[in-house]
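Me: I have a model open and want the reasoning behind each label. Please set each value against its definition.

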Amino acid sequence: MADPVLSIQNLHKSFGALKATDGVSIDLHPGEIHALIGPNGAGKSTLIHQICGTVKPDSGTITLAGREIGRLPVAERARLGLGRTFQISSLAGEFSALRNVMLAVQAGQGSSFAFFKPVMRDRSLTDAAMDRLERVGLAARANVTASELSHGEKRQLEIAIALALDVKAFLLDEPMAGMGPEGSKVLTGFLDSLRQEAPILLVEHDMDAVFALADRISVLVYGRVIATGTVNEIRNDPAVRQAYLGDHA
Ligand SMILES: Nc1ncnc2c1ncn2[C@@H]1O[C@H](COP(=O)(O)OP(=O)(O)OP(=O)(O)O)[C@@H](O)[C@H]1O
Ligand SMILES: [Mg+2]
């Protein structure tokens, strides 16, 4: 199998006496959606926070494209290609969808050419931003103000921004939260195609979405991975059914 894009090895994090992350190892391979499921308080968000850098692990390693990133600042990890969306909305609500993506393209390029042929540069920025909007299916909404986009469209826009930043791996913490059944269905279809752009570590309680999307699932309970496997393996795992799935399986 190809090398993992993102590899978490033996990660530990305690809050006082509470072991929120207790020796977690998870790999994210090219092209895959790896779902992370488990009961409330299992440590899923804490794990995502450690990967993107907002929570510092006590020990263990986090490797992105072969490079150890576990001690780098948040912005540096983002620059190296960690795309985190859906929990902190980074959208500038008063700007159009296109403008939001243009800003991301510009940020991804750095600002060293800021004074070089501004008009041409603007044109290439527009083209690059339109390309990202097309890839997420939002081209027709390019000139709509971000705050006026629907819930689902905002998430598509966040992904377009991540694409503009040349994301290597997506970290999505409960993207379906707050969506109705119709919105979840649309977003599921969208995430299904997104894995071609970059693999996705997907934290989600919506089991319909998880079973429809996941190439592999890891189950986290009290900070520990109790099982990793395909959808069928996880659905038929007695320990998983007892700890989490119950009637969902
Ligand atoms: N900054 C913190 N300080 C102390 N305890 C924390 C902190 N962050 C999280 N915890 C605790 O760590 C445990 C794991 O929380 P976390 O939010 O990672 O769970 P989760 O799996 O994402 O749950 P949910 O499914 O409800 O989102 C919980 O017991 C939580 O109360
Ligand atoms: Mg959480």
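Me: Which residues are closest to ligand 1, and how many surround it?
Reply: 13 residues surround ligand 1. The closest are Asn 40, Gly 41, Lys 44, Thr 46 and His 205. A residue is near a molecule if one of its heavy atoms lies within 4 Å of it. This is a predicted model: local features need pLDDT of at least 70, side-chain atom pairs count only at pLDDT 80 or more, and totals for chains, interfaces and linings use all residues. Residues are numbered from 1 along each chain as written, chains are lettered from A and ligands numbered from 1 in written order, and side-chain values use heavy atoms, without hydrogens and water.

Me: What makes the approach of Lys 44 to ligand 1 a polar contact?
Reply: A polar contact is a pair of N or O atoms within 3.5 Å; within protein, one must be able to donate a hydrogen and the other to accept it, and residues adjacent in sequence count only if both atoms are side-chain atoms. A side-chain N or O atom of Lys 44 is 2.7 Å from an oxygen atom of ligand 1, so the pair qualifies. The side chain of Thr 46 has an N or O atom 2.6 Å from a ligand oxygen. Ser 45 uses a backbone N or O atom, at 2.9 Å.

Me: Where do the two domain bounds come from?
Reply: From an automatic or database domain assignment. Domain 1 is 1-81 + 168-249, and domain 2 is 90-165. Their centres, taken over C-alpha atoms, are 27 Å apart.

Me: Why is Glu 197 with Arg 135 called a salt bridge?
Reply: The term needs a side-chain nitrogen of Lys or Arg within 4 Å of a carboxyl oxygen of Asp or Glu. Here the closest N and O atoms are 2.7 Å apart, so the pair meets the cut-off. Between domain 1 and domain 2 the count is 1 salt bridge. The whole structure has 12.

Me: What makes Arg 123 and Asp 127 a salt bridge, and where do they lie?
Reply: Their closest N and O atoms are 3.3 Å apart, so they pass the salt-bridge test too. Both lie in helix H4 (residues 118-135), 4 residues apart, about one turn of the helix.

Me: How much area do domain 1 and domain 2 bury between them?
Reply: About 820 Å², 68% of it on carbon and sulfur atoms. Buried area is the accessible area (1.4 Å probe) that two parts lose on being put together, summed over both.

Methods:
Helices (H or I, at least four residues) and strands (E, at least two) are DSSP runs, numbered from the N terminus.
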